[in-house]
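Colleague: Could you take a close look at one salt bridge in this model for me, and then walk me outward from there to the parts around it?

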Amino acid sequence: MRAYAPGVPELLLVSTTAGFDARDLVRAMERQAPEGVSVRSAPGLLAPRRDGDGLVRDATRARGATVVVVAPGGPDLANHALLTIEGARSVGLPVAAVVVAGPGGADQRAVLREHAGAAAVVELDDPQASSGAVAGWPLGQWASAEPAPAGASGSGGAAGGGVALAPYSAWEPRAVADPRTAGRGVIDPVLAEIVAAEGPVLSSRAYALYNRAAGGKKLTTIVRAPLSSAAYRLRMAGRVEIDEEDPDDPTLRPAGSPRVRVRELGPRTLDEVPLDEVAELMDRLATAGATDLKRATLDAYGLVRLTAKADEYLERAIALAAEG
């Protein structure tokens with residue numbers, strides 16, 4: 001199984017039945033998964049973690065993983081699968097698919113398809129899957145699935161108007177070399193790591209994270225220059241994409257990842273959230289019935305004060321949402 005790395009899109013296979021062995025399925029999905037997508041398995045969403053620190057669901061949210069429910073066919077298929085789906089969505093976790101492994105009643109499968117919402121339902125006759133059996137599954141799309149608003153609640157769940165936010169995956173700072181003196185062989189991997197963890201991320205935030213980890217305080221032009229050069233080298237290498245809607249502060253994201261992900265605020269300030277992410281949140285809030293989009297957006301992010309700076313940023317987001 002591939003080792004987990006922060007920021008790597010992850011599919012977590014959650015079994016609904018104790019003792020179900022998903023190792024063959026994990027290996028088959030690993031062979032078919034696009035580059036950069038990790039596949040893991042867990043015995044149950046509400047099972048305790050092996051280290052005893054909370055539940056599997058807690059760690060899944062912290063990593064920003066996407067859930068794939070694995071439900072052995074049988075008389076309890078729909079009940080077990082739908083309970084797992086509900087448990088995931090109640091905390092804002094995206095559920096991309098349900099894999100029905102082995103034979104099961106047609107009525108159970110029909111109920112599951114009716115109530116699984118946006119989750120795809122796929123069938124696997126042989127739980128000891130070969131790569132060919134999963135070749136047609138859109139694993140890349142599953143890995144970038146967004147949480148469904150229905151039934152979401154609590155921290156990281158439903159925002160104002162019933163809109164669910166994906167968990168924010170923050171880069172964990174560590175000591176790094178001064179960007180003014182470090183070579184590209186040192187800067188490039190660290191910046192790629194930051195973008196993998198936090199992308200889509202404004203370049204100003206990514207560079208500031210690097211600079212603070214290096215012991216710097218102010219993101220000066222001299223500090224920014226080598227970091228900006230690193231970003232463009234990473235783009236040329238096919239590792240990072242740069243969205244230059246705002247040429248003064250472009251957005252960096254891992255190559256092949258979604259352009260916009262609506263996430264919790266996390267450790268970011270409001271003006272560190274990419275503008276198109278705020279605009280997409282506003283669009284979803286409006287669809288859910290919100291009328292005061294500024295207040296609804298602040299509520300979604302857990303903010304209270306509408307400062308002059310926040311008001312100006314939200315006005316820009318409203319204008320961008322209107323264009324879309």
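Modeller: Glu123 and Arg113 meet through their side chains in a salt bridge, at 2.9 Å from N to O. Keep in mind that this is a predicted model, so read the distance as a property of the prediction. Glu123 sits in strand E5 (residues 120-124) and Arg113 in helix H4 (residues 106-115), so the pair ties together parts that are 10 residues apart in sequence. How covered are the two ends? Glu123 has a relative accessible area of 37%, so it counts as partly exposed. Arg113 is partly exposed as well, at 42% relative accessibility.

The helix and the strand also meet through packing: H4 lies across E4 and E5, and its direction makes about 150° with E5. Strand E5, in turn, belongs to an open sheet of five strands, ordered E2-E1-E3-E4-E5, with parallel pairing. E5 is one of the edge strands, along with strand E2 (38-42), and each of them pairs on one side only. From one strand to the next, the twist averages 25°. As a reminder, strands of a sheet pair through backbone hydrogen bonds, either parallel or antiparallel.

Now step inward along that sheet. E1 and strand E3 (residues 66-72) run parallel and are joined by five bridges. One position to click on is Leu13, whose bridge partner in E3 is Val68. Helix H3 (residues 77-89) lies across E1, E3 and strand E4 (95-101), at about 165° to E3.

Strand E1 (residues 10-15) also holds Glu10, and you'll probably want to look at that residue. Is Glu10 buried or exposed? Its relative accessible area is 1%, so Glu10 is buried. Its side chain has a polar contact with the side chain of Arg63, at 2.9 Å.

Back to salt bridges, since the Glu123 pair has company: the count comes to 25. Take Glu272 and Arg205, whose side chains meet in a salt bridge at 3.1 Å, N to O. Glu272 is in the loop between E8 and helix H9 (275-287), while Arg205 is in helix H7 (residues 203-213), so this pair ties together parts that are 67 residues apart in sequence. Both Glu272 and Arg205 are buried, whereas Glu123 is partly exposed.

Another one to pull up is Arg259 with Asp243: their side chains form a salt bridge at 3.1 Å, N to O. Arg259 lies in the loop between E8 and H9, and Asp243 in strand E7, so the link ties together parts that are 16 residues apart in sequence. The two ends are covered to unlike degrees: Arg259 is partly exposed, with a relative accessible area of 39%, but Asp243 is buried at 9%. This pair belongs to a network in which salt bridges that share partners join Glu241, Asp243, Glu245, Arg253, Arg259 and Asp276. If you're setting up charges, those are the six names to highlight together.

Asp243 takes us to the other sheet I'd show you. There, three strands form an open sheet in the order E6-E8-E7, with antiparallel pairing. Its edge strands are E6 (201-202) and E7 (240-243), each pairing on one side only. E7 is joined to strand E8 (residues 251-254) by four bridges, and the two run antiparallel. Within that pairing, Asp243 stands opposite Thr251 in E8. Helix H6 (residues 184-198) packs on this sheet and touches E6, E7 and E8, with its direction at about 85° to that of E8.

Zooming out, the protein has 11 helices and eight strands. Of its 324 residues, 48% count as buried; Glu10, Asp243 and the Glu272 and Arg205 pair are among them. Taking the contacts with a separation of 6 or more, 65% are between residues 24 or more positions apart. As for the surface, the protein exposes about 15000 Å², and carbon and sulfur atoms supply 52% of that.

How values were computed. Residues are numbered from 1 along each chain as its sequence is written. This is a predicted model: local features need pLDDT of at least 70, side-chain atom pairs count only at pLDDT 80 or more; totals for chains, interfaces and linings use all residues. Side-chain values use heavy atoms; hydrogens and water are left out. Two strands pair if DSSP finds at least two bridges between them. Contact means heavy atoms within 4.5 Å. Axes are lines fitted to C-alpha atoms, for helices over the stretch in contact, and angles run from 0 to 180 degrees between N-to-C directions. Buried means under 20% relative accessible area, exposed over 50%, partly exposed in between (1.4 Å probe, protein chains only). A polar contact is a pair of N or O atoms within 3.5 Å; within protein, one must be able to donate a hydrogen and the other to accept it, and residues adjacent in sequence count only if both atoms are side-chain atoms. A salt bridge is a side-chain nitrogen of Lys or Arg within 4 Å of a carboxyl oxygen of Asp or Glu. Accessible areas come from the Shrake-Rupley method with a 1.4 Å probe; for residues, only the protein chains shown count as cover.
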